[in-house]
Amino acid sequence: MTQIASEDLRFAGEFNSRLSYMVGANIQGEQSDFATVVDGRTTSAANLNPSPTVNQSAVDNEEELQTGAFLSLSWKATDRLTVDAAARYNHSDKKDNAYGVTRFKGALNCVAQYSDPEKVFATNPACVNQRNLINSTFENTAPSISAKYDIQPNWRVFASAAVGYRAGGFNTNSV
């Protein structure tokens with residue numbers, strides 16, 4: 001299950017008839033919980049000894065909080081040429097708790113924890129294996145510039161250069 005909440009605030013105006021601006025800020029929070037149980041060979045009348053290595057559970061709990069601010073300026077240099085410049089700052093705090101649980105860990109029977117892996121820390125933390133705890137902060141400032149030239153009222157030429165990176169990057173849903 002993933003839950004996302006975000007808010008974006010923008011304020012735009014003009015300095016004069018040729019120069020306009022937009023400033024803003026944003027915040028976004030995300031929480032994602034993922035659990036899977038892979039039941040390879042289970043106990044049955046035909047199979048009284050299930051594989052301790054094939055039967056694995058995986059859990060990934062991720063939280064991320066992003067905040068950012070941006071500024072954009074638009075300058076109408078002539079009646080036909082417009083130049084835009086912008087910059088965006090982004091800050092991201094990301095936390096992840098990913099782990100696996102097998103049916104048996106050596107002589108330890110972890111069948112109950114394997115069947116409900118999200119409760120393993122309350123019932124028997126010794127059944128946890130392959131745990132990854134990650135807590136990182138990412139920051140980035142991304143500038144851009146573009147130009148638009150009106151060749152005729154219904155024909156335009158565009159050119160732009162930008163840094164297309166958003167802070168916040170590690171992929172966590174693979175234990």
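A residue is called partly exposed when its relative accessible area falls between the limit for buried, under 20%, and the limit for exposed, over 50%. The model on screen is a predicted one, and this tour moves through it one selection at a time.

Begin by selecting aspartate 84, which lies in strand 4, the run of residues 81–102. Aspartate 84 has a relative accessible area of 27%, and therefore counts as partly exposed. If you then show its surroundings, leaving aside the neighbours within four places in sequence, you will find aspartate 84 in contact with Leu73, Ser74, Trp75, Ser144, Ile145 and Ser146. One of these deserves a closer look, since the side chain of aspartate 84 makes a polar contact of 2.6 Å with the side chain of serine 74. Now add tyrosine 21 to the selection: this residue is 63 residues away from aspartate 84 in sequence, while their C-alpha atoms are 9.5 Å apart in space.

Stay in strand 4 and select serine 92, which also has its place there. Is serine 92 buried or exposed? Serine 92 is buried, with a relative accessible area of 0%. Its side chain is joined to that of glutamate 64 by a polar contact of 2.7 Å.

Turn next to strand 2, residues 19–38, and select glutamine 31, which is placed within that strand. Glutamine 31 is partly exposed, because its relative accessible area is 36%. Apart from neighbours within four places in sequence, glutamine 31 is in contact with Met1, Thr2, Gln3, Glu62 and Glu63. For glutamate 63, which stands 32 residues from glutamine 31 along the chain, the separation between the two C-alpha atoms is 4.5 Å.

In strand 2 you can also select valine 23, which is partly exposed at 32% relative accessibility. Extend the selection to Phe11, Phe15, Leu71 and Leu73, and you have, together with Val23, a nonpolar patch on the surface with about 460 Å² of accessible area in total. Leu73 has already appeared on this tour, among the contacts of aspartate 84.

For the last stop, select Val59, Tyr99, Val101, Cys110, Tyr114, Val120, Cys127 and Val128, the eight residues that make up the largest nonpolar core. Which residues does valine 128 contact, leaving aside its neighbours within four places in sequence? Valine 128 is in contact with Tyr99, Gly100, Lys105, Val120 and Phe121, and among these Tyr99 and Val120 are themselves members of the core.

Key:
Residues are numbered from 1 along each chain as its sequence is written. This is a predicted model: local features need pLDDT of at least 70, side-chain atom pairs count only at pLDDT 80 or more; totals for chains, interfaces and linings use all residues. Side-chain values use heavy atoms; hydrogens and water are left out. Helices (H or I, at least four residues) and strands (E, at least two) are DSSP runs, numbered from the N terminus. Buried means under 20% relative accessible area, exposed over 50%, partly exposed in between (1.4 Å probe, protein chains only). Contact means heavy atoms within 4.5 Å. A polar contact is a pair of N or O atoms within 3.5 Å; within protein, one must be able to donate a hydrogen and the other to accept it, and residues adjacent in sequence count only if both atoms are side-chain atoms. A nonpolar core is a set of buried Ala, Val, Leu, Ile, Met, Phe, Trp, Tyr and Cys residues joined through side-chain atoms within 4.5 Å. Patches are made of residues with over 30% relative accessible area and no salt bridge: like charges are joined within 9 Å, nonpolar side chains (Val, Leu, Ile, Met, Phe, Trp, Tyr) within 5 Å. Accessible areas come from the Shrake-Rupley method with a 1.4 Å probe; for residues, only the protein chains shown count as cover. A salt bridge is a side-chain nitrogen of Lys or Arg within 4 Å of a carboxyl oxygen of Asp or Glu.
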